[in-house]
Amino acid sequence: MRAPATPGSIVDLPFAPGGEGLRTVLSFRRDPLGTLARAAEAAGDHFRFRATSRVWVAVLRSPEAIKHVLVDHPARYTKQSRGYKKLREFLGQGLLTSEGEFWRRQRRIAQPAFHRDRVAGFATTMVAATQAMLRRWEPLAARGQAVDVDQEMMRLTLQIAGETLLSADVDRDADRVGEAVSTLNEHASHTMMRLLAPPIWVPTPRNRRALAAARHLDRIVLGILAERRRTGEDRGDLLSMLMRAVDEETGARMSDAQLRDEVLTIFLAGHETTANALTWTLYLLSKAPTIADRVHAELTAALAGRAPTVDDLPRLPLVERVIKESLRLYPAAWSIGRFTADEDAVVGYRVPARSIVLISPWLAHRNPAHWPNPEGFDPDRFLPERERERPRHAYLPFSTGPRVCIGNVFAMMEARLCLATILQRFRPALVGGAKVEPAPLITLRPRGGVRMTLDRPPG
């Protein structure tokens, strides 16, 4: 492993094994997570590998480097990468994909809709949707029937997103929406990993499936927007807030095209990432019965059998720590990509011009310098006194800096309330012999789902 840069010096980033040629990028396309882990073990926290004859991938995982790119100099590191260009084909210019002054304006307009007090008003809907799912689970549990928890959490969070964001019941469309989201997730991941992937307008079978999925999602979102424009009704949901929001500096409102992009981005990204977090959390708890017992004891003491409310969340610190640890091990956004047109120096290393800069929460969250026993499931890492010992940017499940996820408060509240409601009645257990592996698509999903039986908690 190359020695790190000394103070005052600027040196080239070390190569990942095989990074001078194309061996590492080919390995990365086959196995991104394993390739990054092996490269970090060999080369350290900062390394590079060749993407093409003229483009480098610079991988940075130290908290100092993450702060430099995402917090201190975000304007230098843009979203003009191949990956974001592919996402724009379907998501348009939403908060996830837009940049510059347009992004700042959209963020100003959207921010009030995610104010903590407004988000708290959705807690009842989140719990009620979870309770409806549990009622559907009861006869399945009585028969000892296993369910795919991945699908169940996707359906649950889709229903919550529909009701809170759009005041719409999307349950009848849940299966088709889930299929469409999976299709676009796989398509975008496939095409951004392959330099010679045909443009979206080329009628390959893969492109046709992706376009059909996008059209289906558009019909749902645009239909709801049209109906809301027709009635002019303020339902107090996030869509109403976005439609009525006014930019304090310009007095402008969002156009229908902008609303479509923002609603589609928040609707899809918001429901899928929280579903992934819940699925991975239930999976981890099924493998850690002692921790699951502690969670059950906390729920019993704090709630005494009643449904949780937003006011109960401060009394459920272990539930919160469990979710934080799940997001450490399985961050929904496993990679954050940026592009830099100009050469830069980051913590003493030269980042070449026209580099793809890759910051991977998956990799950062397994940095042994900040996370002892990094593969272990230990929610007590997030006890306040232990959190204070870590650098701030060692943990970034929702990114960091000015582009931190606008829905992070919403997502954490939803995950805690849904998990608490589920674990009061059931303790899902991994089907014997089932092997669960992460699939690093745009988001980090369990490959092939997670089959679990609906066991009861003790007592």
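This passage looks at three helices of one predicted model and at two residues, Ala214 and Thr97.

Residues are numbered from 1 along each chain as its sequence is written, and side-chain values use heavy atoms, with hydrogens and water left out. Because the model is predicted, local features need pLDDT of at least 70 and side-chain atom pairs count only at pLDDT 80 or more, while totals for chains, interfaces and linings use all residues.

A good place to start is helix 10, which covers residues 205–231. Helices here are DSSP runs of H or I with at least four residues, numbered from the N terminus. Helix 10 has 27 residues and spans 39 Å from its first C-alpha to its last, close to the 39 Å expected at 1.5 Å a residue; the expected span is 1.5 Å times one less than the number of residues. Several of its residues are buried, among them Asn207, Ala210, Ala213, Ala214, Leu217 and Ile220, where buried means under 20% relative accessible area with a 1.4 Å probe, protein chains only. An α-helix has 3.6 residues a turn, so residues three or four places apart point the same way. The cover over the buried residues of helix 10 includes helix 4, helix 8, helix 9, helix 11 and helix 12. After helix 10 comes Gly232, with a positive phi near 65°.

Within helix 10, Ala214 has a relative accessible area of 13% and is therefore buried. Beyond its neighbours within four places in sequence, Ala214 is in contact with Phe90 and Leu184, contact meaning heavy atoms within 4.5 Å.

Those two partners also take part in the meeting of helix 4 and helix 9. On the helix 4 side are Arg82, Gly83, Lys86, Leu87 and Phe90, and on the helix 9 side Leu184, His187, Ala188, Thr191 and Met192. By class, this contact has five nonpolar, three polar and two charged residues; Ala, Val, Leu, Ile, Met, Phe, Trp, Tyr, Cys and Pro count as nonpolar, Asp, Glu, Lys and Arg as charged, and the others, Gly among them, as polar. The axes of helix 4 (residues 82–91) and helix 9 (residues 174–192) come within 9 Å and cross at roughly 145°. Such axes are lines fitted to C-alpha atoms over the stretch in contact, and angles run from 0 to 180 degrees between N-to-C directions.

Thr97 lies in the loop between helix 4 and helix 5. Thr97 counts as buried because its relative accessibility is 1%. Leaving aside neighbours within four places in sequence, its contacts include Tyr84, Leu87 and Arg403.

Terms used
Buried < 20%, exposed > 50% of the residue type's maximum accessible area, 1.4 Å probe, protein only.
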